[in-house]
Amino acid sequence: MDEIEKPVASPAGSVWGSDVVARLVQAMGYRHITLNPGASFRGLHDSLVNDTGNRDPQMILCLHEGNAVAIAHGWAKVTGTPMAVVLHSNVGLMHGTMGLFNAWCDRVPMLVLGATGPVDAAARRPWIDWLHTMSDQAALVRPFLKWDNQPASVPAAMEALLRANLITRSAPCGPVYINLDAALQESRLEALPALPDLSRYAPPAASVPAPATIEAAVAMIRAAKRPMILPGRGARSTADWARRVALAEALDATVLTDFKVGAAFPTDHPLHAAAPTTFLTEKAQAAVREADLVLAFDWVDLAGTLKQAGGFSGRVIHATLDQQLHNGFGMEHFGLPPVDLHLACEPAIALHAIADALGVGPGTPPGELPACPALPPAAPDAMLDVGTLSAALGEGLHGVPACLVRLPLGWRGETWHFRHPLDYLGGDGGAGIGAGPGMLTGAAMALQGTGRLPVAVLGDGDTLMSATAFWTAAHYRVPMLAVICNNRSFYNDEVHQERVAKQRNRPVENKWIGQRIADPDIDIAALARAQGATGIGPVHTAGELAAAVRDAVARVRAGETVVIDARVAPGYSAAMTAGLTRHS
């Protein structure tokens, strides 16, 4: 990527306010900055090209602001570190809003720079600067930001950047936003101010629970006869993974994992009680009811999980800092769980402290294993549904270490095993549509050099809303594979319409109206080719898909962006259908 879009060297000359912003972002270690161009930050754009040379950060051109935010989100899910994003005035910020909500709900770090037309009304151009200036632009997204600021001077902008960087990297993480006045960016300076000593503005060390709190947790764990571990949000650390496994084995504790977050425990381990899901299966519900202690590590929607299980009467320990971000605007804090002992710290800190106190060793880090489908190969002529797609994908990825970046709602947990924290990265956080291609691109950027082949199985609706992210991936030579689980429908809503029709004694045969993406069918492979990616398909059978995936693996290893249009029959598991329709 470093050889793409190298600018001609710029001669030394005047210093501008935006030069200071660009140099400080560079000094803080940001490797990339995603953007869709806009005049509100023309000063910063120039500085990124002609002052810092479009390197560290390198600009990543996106064709929509939603993709710009989603790429930064995908990067953070792999690395645990923020990427920088620039959103053009109010209009670009509104385009990026869904992505910011996803990042907020998923608790990932992200440094977002905005811009506004001149705050000084006398300096505004007629018409356009008035449209693109707001008195409080951050108010559009403030409820799902950790912090925002609109500095009025270059020294204030430096402090804002330092504070934003510190805040977004501190747990619990979330996006931060700095709105840069166009006049501030384009102000001429007498000299470049000295950059601060960044070591003095580093995030604080992680908080550690008091010894008495850990002792209380250990006493509860030792008293339990049927403990259960619920590992939720966490970094992609192999050391944490190994310690979780060692702790579960030492306690003979059952474990459940969740599709909403990334892989956290080997799903083929004897202690893994049920296949991972978004909503609990009957087997998972039974496992929760049988437990007399739940040890949760930043588990998403703990109250909802206990409610789904029904009849749980045991004790609960929960290690989480999430309550620090609950502001009441949205309901992403979920229900209030009954907790007997709250460890107010990062989940990994609690994990290691408890394991240390129990005398549990570090465990054995997982190996870099190839993709592990749990189903045998499907018959070559079998028509594709989500199950046969999973088997065919596994056949095509045979022997390949892969990272499943995203999976569709219909994916069945029993069809695939996760044995490493990079085997699966989790959902988008906010359960919207349109983030998949961008998140795959960002994750694939972060995975370069790891030996992992980035793969996402995406829905057709998700893809069609943001297919231009494939252009960004192709332009910057980001190797990755997207398999589009194309049922030619917004099928989630067909499930809802069927539920409502049955409740009202109306014909379920009409559930498809206003949902189907057909007549004409959209040629997703051609859409990918139009973005400069390699488009394959449509494929209809397991044999065709397995062959297409094998071809794609070779192409991705050669540096290509590949998109496969896989035509599948729609369908969800019983647990997913019940969870989505609020019907058990």
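In what order do the five strands of the open sheet that includes β11 run, and in which sense do they pair? Here are some notes on this predicted model, with that sheet as the starting point.

1. **The sheet around β11.** The order is β10-β9-β11-β12-β13, an open sheet of five strands with parallel pairing. At the edges are β10 (254-255) and β13 (341-343), each of which pairs on one side only. Helix α12 packs on this sheet, where it touches β11, β12 and β13. The direction of α12 makes about 130 degrees with that of β11.

2. **Neighbours of β11.** Residues 293-297 make up β11, and it is worth following this strand in both directions. Towards strand β9 (residues 227-231), β11 pairs in the parallel sense over five bridges. Towards strand β12 (residues 315-319), β11 is joined by five bridges, again running parallel. Leucine 295 is a good residue to centre on: its bridge partner in β9 is isoleucine 229, and its bridge partner in β12 is isoleucine 317. Leucine 293, for its part, stands opposite arginine 315 in β12.

3. **Burial of β11.** How many of the five residues of β11 are buried? The count is five of five, so to speak a strand that is mostly covered. In a regular strand the side chains alternate between the two faces of the sheet. Here Leu293, Leu295 and Phe297 lie on one side, Val294 and Ala296 on the other, and all are buried, leaving both faces of β11 covered.

4. **Helix α11.** This helix (residues 302-309) is also mostly covered, with six of its eight residues buried. Those six are Leu302, Ala303, Gly304, Thr305, Leu306 and Ala309. What do the buried residues of α11 pack against? Their partners are β9, α10 (282-290), β11 and β12. Just after α11 comes glycine 310, which takes a positive phi of about 65 degrees.

5. **α8 against α12.** Helix α12 (residues 347-358) also meets helix α8 (residues 211-223): their axes come within 10 Å and cross at roughly 65 degrees. That angle makes α8 roughly perpendicular to α12, and the crossing is right-handed. From α8 the contact takes Ile214, Ala217, Val218, Ile221 and Arg222, and from α12 it takes Ala353, Ile354, Ala357 and Leu358. By class, eight of these residues are nonpolar, none is polar and one is charged.

6. **α3 against α4.** Are helices α3 and α4 roughly parallel or roughly perpendicular to each other? The axes of α3 (residues 65-79) and α4 (residues 89-106) come within 7 Å and cross at roughly 20 degrees, and the two helices are therefore roughly parallel. This crossing is right-handed. On the α3 side the contact is made by Glu65, Gly66, Val69, His73 and Lys77. On the α4 side the residues are Gly92, His95, Gly96, Gly99, Leu100, Asn102, Ala103 and Asp106. The contact has three nonpolar, seven polar and three charged residues.

7. **The β15 to β19 sheet.** Another open sheet of five strands has the order β15-β17-β18-β20-β19, with parallel pairing. β15 (402-406) and β19 (534-539) stand at its edges with a single partner strand each, so one side of each is left without a neighbour in the sheet. From one strand to the next the twist averages 20 degrees. At the β19 edge, four bridges join β19 to strand β20 (residues 561-567), and the two run parallel. Glycine 535 stands opposite valine 563 in β20. Helix α13 (residues 386-396) packs on the sheet, touching β15, β17 (453-459), β18 (480-486) and β20, and its direction makes about 160 degrees with that of β18. Helix α19 (residues 542-557) packs on the sheet too, touching β17, β18, β19 and β20, with its direction at about 170 degrees to that of β20.

8. **Lysine 146.** Last, a residue in the loop between α5 (128-131) and β6 (147-149): lysine 146. Lysine 146 has a relative accessible area of 24% and is partly exposed. Leaving aside residues up to four places away in sequence, lysine 146 touches Trp104, Ile167, Ser170, Pro172, Cys173, Gly174, Pro175, Val176 and Leu325. Glycine 117 is 29 residues from lysine 146 along the chain, and their C-alpha atoms are separated by 24 Å.

Methods. Residues are numbered from 1 along each chain as its sequence is written. This is a predicted model: local features need pLDDT of at least 70, side-chain atom pairs count only at pLDDT 80 or more; totals for chains, interfaces and linings use all residues. Side-chain values use heavy atoms; hydrogens and water are left out. Axes are lines fitted to C-alpha atoms, for helices over the stretch in contact, and angles run from 0 to 180 degrees between N-to-C directions. Angles under 35 degrees count as roughly parallel, over 145 as roughly antiparallel, 65 to 115 as roughly perpendicular and the rest as oblique. A crossing is left-handed if the near helix is turned anticlockwise from the far one by less than a right angle, and right-handed if clockwise. Contact means heavy atoms within 4.5 Å. Ala, Val, Leu, Ile, Met, Phe, Trp, Tyr, Cys and Pro count as nonpolar, Asp, Glu, Lys and Arg as charged, and the others, Gly among them, as polar. Buried means under 20% relative accessible area, exposed over 50%, partly exposed in between (1.4 Å probe, protein chains only). Two strands pair if DSSP finds at least two bridges between them.
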